[in-house]
Amino acid sequence: MRSITAVVLCAIALSGCGEWNRLPKPDAIVASGRGLVVTASEFTTRLEEQPPFVRAGYSTLERKKELLDSMVRFEVLAREAERLGLDRDPEVVEAQQKVMVQKLVQSRLQTGGPVITEAELTRYYEAHQGEFVSLGGEAPRPLTEVRAQIENKLQRDARARALEAWVTSLRERAEVSVDERALEAVPLPAP
């Protein structure tokens with residue numbers, strides 16, 4: 001029991017000095033203001049978004065300050081835009097919705113791709129041999145050479161069908177109805 005207490009006390013003592021104190025905490029605040037906080041982890045995330053050759057240029061305090069300044073600049077401009085009500089502007093709302101839909105579809109497509117069976121590969125290959133003709137233009141290339149190409153196509157097609165089925169189920173859940181008379185009456189904009 002005493003040895004555990006001694007270790008804990010030693011760790012507490014060491015945390016207040018030397019190298020331990022200089023290491024940034026992931027949630028350490030590197031900049032703050034009224035309603036504005038930039039943490040070390042947010043700063044690190046922004047650094048990680050940069051290409052490696054650009055990231056390497058932020059090794060000095062001055063260069064880090066430049067990046068932090070651009071982050072703060074963005075945040076104060078965003079807050080001012082919100083204060084002026086631009087977050088409710090129809091164009092902004094539409095842009096936000098577009099980004100949300102892109103992220104939703106992207107996340108849906110990334111979840112476990114369909115498994116393509118050997119039978120499906122062979123069936124597709126046999127039905128589309130004309131697409132896999134060698135450079136000489138006479139004989140089709142063997143399945144072993146075009147396997148990855150066929151598998152990618154079949155996976156893309158399966159994902160597209162799955163996405164369409166999902167969207168159809170969302171439409172049904174939303175109970176969408178279309179007023180064709182009102183739609184037909186909508187004039188086309190002038191060219």
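**Figure 1. The bend in helix H8.** In this predicted model, helix H8 bends by about 30° at Gln149. How far apart are the end C-alpha atoms of helix H8? They lie 44 Å from each other, and this agrees with the 46 Å that the 32 residues of the helix (residues 143-174) should span at 1.5 Å a residue. Just after H8, have a look at Glu175, whose phi is positive, at about 50°.

**Figure 2. The buried residues of helix H8.** Here we pick out Leu143, Val146, Ile150, Leu154, Gln155, Ala158, Leu163 and Trp166, the residues of H8 that are buried. A reminder may help when reading their numbering: an α-helix has 3.6 residues a turn, so residues three or four places apart point the same way. What covers the buried residues of H8? The cover includes helix H6 (90-110) and helix H7 (118-127).

**Figure 3. A close look at Gln155.** Gln155 sits in helix H8. Is Gln155 buried or exposed? Its relative accessible area is 17%, and because buried means under 20%, Gln155 counts as buried. If we set aside the neighbours within four places in sequence, the contacts of Gln155 are with Pro114 and Ile116.

**Figure 4. The largest pocket and its lining.** This view turns to the largest pocket, which holds about 150 Å³ of space. Its lining is made by Val37, Val38, Glu42, Thr45, Arg46, Glu49, Met71 and Glu75. Strand S2 (36-39), helix H3 (40-49) and helix H5 (61-83) are the elements that each give two or more residues to this lining. Which element gives the most? That is H3, with four residues. For anyone thinking about chemistry, the lining residues of the largest pocket divide into four charged, three nonpolar and one polar.

**Figure 5. The close-ups in the setting of the whole chain.** To place the earlier views, it helps to step back to the protein chain, which has nine helices and two strands. In what order do they come along the sequence? The pattern reads α-α-β-β-α-α-α-α-α-α-α. The chain has 191 residues, of which 14% count as buried; Gln155 from Figure 3 is one of the buried residues. Finally, among contacts in the chain between residues at least 6 apart in sequence, 42% join residues at least 24 apart.

Note on methods:
Residues are numbered from 1 along each chain as its sequence is written. This is a predicted model: local features need pLDDT of at least 70, side-chain atom pairs count only at pLDDT 80 or more; totals for chains, interfaces and linings use all residues. Side-chain values use heavy atoms; hydrogens and water are left out. The expected span of a helix is 1.5 Å times one less than its number of residues. The bend at a residue is the angle between axes fitted to the seven residues ending there and the seven starting there. Buried means under 20% relative accessible area, exposed over 50%, partly exposed in between (1.4 Å probe, protein chains only). Contact means heavy atoms within 4.5 Å. On a 1 Å grid over the protein atoms alone, a cavity is a set of points where a 1.4 Å probe fits but cannot get out, and a pocket is an open set with protein on both sides within 12 Å along at least five of seven lines; lining residues have an atom within 4 Å of a point. Grid points are joined across faces, edges and corners, and a volume is the space filled by probe spheres set on the points. Ala, Val, Leu, Ile, Met, Phe, Trp, Tyr, Cys and Pro count as nonpolar, Asp, Glu, Lys and Arg as charged, and the others, Gly among them, as polar.
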